[in-house]
Amino acid sequence: MGRAMDPLLRVEDIHKRYGTEEVLRGVSFHLDRGQTKVVIGPSGTGKSTLLRCINRLTEPDRGQVWLEDVEVTAPRVKINEIRSQIGFVFQDFNLFTHLTALDNVRLGLVKVKRLGKKEATARAMEELTRVGLKDKANAYPAHLSGGQQQRVSIARALAMDPKLILFDEPTSALDPELIGEVLNVMAQLAEEGMTMIVVTHEMGFARSVADEIVFMEHGVIVEQGPPEKLFRSPEVARTGEFLRKISELYGAEG
Amino acid sequence: MTFNFDAGYLPQLASGLVVTLEVTSCCIAIGIVLGILLALGRVYGGRFISVPCSIYIHFFRGTPLLVQLFIVYFGLPNWGIRLSAFESGILALGLNTAAYQAEYFRGAIQAVKAGQMVAARSLGLTRLQAIRHVIIPQALRLVIPPWSNELILMLKYSSIVFSIALYDLMGVGKRIASRHFNYFEVFIVLALMYLVLVLLITLGLRWVERRLRVPGLGTAGRGA
């Protein structure tokens, strides 16, 4: 039973280079079951690339990722099976344009998890209800607001029963008045014990929901720790500087 | 001046019409299947797949259809491949239209936003599943307007099969006209028949496009 103490996700020394630009220069961290980590940092510091390296939507050049006792980065691993266990929520939602909200959530259930149609529908409706969009099940993405689309995409990730969910700036493409509804759903997930990594500039969310904040810059982790520590007494001067600047911009009340 | 056209020609023209429709639908069907495969090969295939696909497309777009038809009908027998006129017609036309359709399909596949593939893969769909359930359904909707041009073109170009002694509309018309020396009348009627077919196809495809339309999928700006 020692397993319960093991981290759910281990990221070890991930490197990624695009041409001459080294986007990730050796990133390592652990994530425990039920933990929410918020990754912050200036744009272009590799936060999104890091998330994509975790389920190999982007292939890391070097380093390892472990999901429980499975090495995700192993050459012959069943990557599709692993991806189905890792939810991914995109900045611009990426809902399937030609499918209704319900079918968006159902697709993975039917094609990857091989659920029957009836079972998949029930499961999908459950998740749409959870994000407050039961009555929009038959709407196409184009007929939903950005906030609603992002909630559908969260439902789509949740329906797969993922071990963790990666959020890549989930509110950055939203109008300010729609951000709250998405953050609320995410906060509720964290509350219910979902394991999550969230790349975001929403400092209010980071402060109130994160168990740990990771500050990244220039492809490395500069500092990580509980929100209170990073906000009150960061060990690296640059962390405090960034947090002050970003909090002015996005607000971090509380 | 009289319009020298006898209603007695109509049964012959009707049989020619059937052949025209058969040739067109067969070659279009070959073209769709092969065209989609060529387009997928060009977009998703590695170099060893995409280069041969490109060569195929350039060859068939870069040489005259009539030359291709004669190679198939008169040339292949030299290699022991003996096809009937009908088979030669649909093969040559099908191979030809596949090259053009491939380019339309490729454009449509590339018009599907990149995030769609990424999102599908993030759920654990294989590349093939993502292509089949996410990319193709969107690409096929996007391709209908340009593709309908190709269908109309093939309906008209199918008339070249008269040159390998196939009695399609054109072949039948030519036979009647040369027998009765009423080229003007027969070909006017023929032209009108093609015109009506083209109009029917245009209307039919517009109906299909409307039926399959999905909000937010590339139809912005086209009549509601």
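Guide: A salt bridge here is a side-chain nitrogen of Lys or Arg within 4 Å of a carboxyl oxygen of Asp or Glu. This is a predicted model, where local features need pLDDT of at least 70, side-chain atom pairs count only at pLDDT 80 or more, and totals for chains, interfaces and linings use all residues. Residues are numbered from 1 along each chain as its sequence is written, chains are lettered from A and ligands numbered from 1 in the order in which they are written, and side-chain values use heavy atoms, with hydrogens and water left out.

Visitor: What makes A:Glu228 and A:Arg207 a salt bridge?

Guide: Their closest N and O atoms are 4.0 Å apart, and the rule asks for within 4 Å, so the pair is called a salt bridge. A:Glu228 sits in helix 8 (residues 227-232) and A:Arg207 in helix 7 (residues 203-209) of chain A, so the bridge ties together parts 21 residues apart in sequence. Helices (H or I, at least four residues) and strands (E, at least two) are DSSP runs, numbered from the N terminus.

Visitor: Why is A:Arg207 called buried?

Guide: Buried means under 20% relative accessible area, exposed over 50%, and partly exposed in between, with a 1.4 Å probe and protein chains only. A:Arg207 has 19%, so it counts as buried. Its partner A:Glu228 has 37%, so that residue is partly exposed.

Visitor: How do you know that A:Arg151 and A:Glu181 pair up?

Guide: Their side chains meet at 2.5 Å, N to O, so they pass the 4 Å rule. A:Arg151 belongs to helix 5 (residues 146-159) and A:Glu181 to helix 6 of chain A, so parts 30 residues apart in sequence are tied together. A:Arg151 is buried at 12%, while A:Glu181 is partly exposed at 23%.

Visitor: And what does A:Arg130 bridge to?

Guide: A:Arg130 bridges to A:Glu192, with the closest N and O atoms 3.0 Å apart. A:Arg130 lies in helix 4 (residues 117-130) and A:Glu192 in the loop between helix 6 (176-191) and strand 8 (196-199) of chain A, so the pair ties together parts 62 residues apart in sequence. A:Arg130 is partly exposed at 30%, and A:Glu192 is partly exposed at 47%. Over all chains, the structure holds 22 salt bridges.

Visitor: How many of those salt bridges cross the interface of chain A and chain B?

Guide: The rule finds 0 there. There are, however, 7 residue pairs in polar contact, both at pLDDT 80 or more. A polar contact is a pair of N or O atoms within 3.5 Å; within protein, one must be able to donate a hydrogen and the other to accept it, and residues adjacent in sequence count only if both atoms are side-chain atoms.

Visitor: What makes up the interface of chain A and chain B?

Guide: 24 residues of chain A are in contact (heavy atoms within 4.5 Å) with 21 residues of chain B. The buried area, meaning the accessible area (1.4 Å probe) that two parts lose on being put together, summed over both, is about 1900 Å², and carbon and sulfur atoms give 65% of that. A:Phe96, A:Thr97 and A:His98 supply 31% of the area that chain A buries against chain B, more than any other three residues.

Visitor: Why is A:Asn55 called buried?

Guide: A:Asn55 has 0% relative accessibility, so it counts as buried. A:Asn55 is in the loop between helix 1 (47-54) and strand 4 (62-67) of chain A. Residues that A:Asn55 touches include A:Phe88 and B:Ser122.

Methods. Lists of a residue's contacts leave out its neighbours within four places in sequence.
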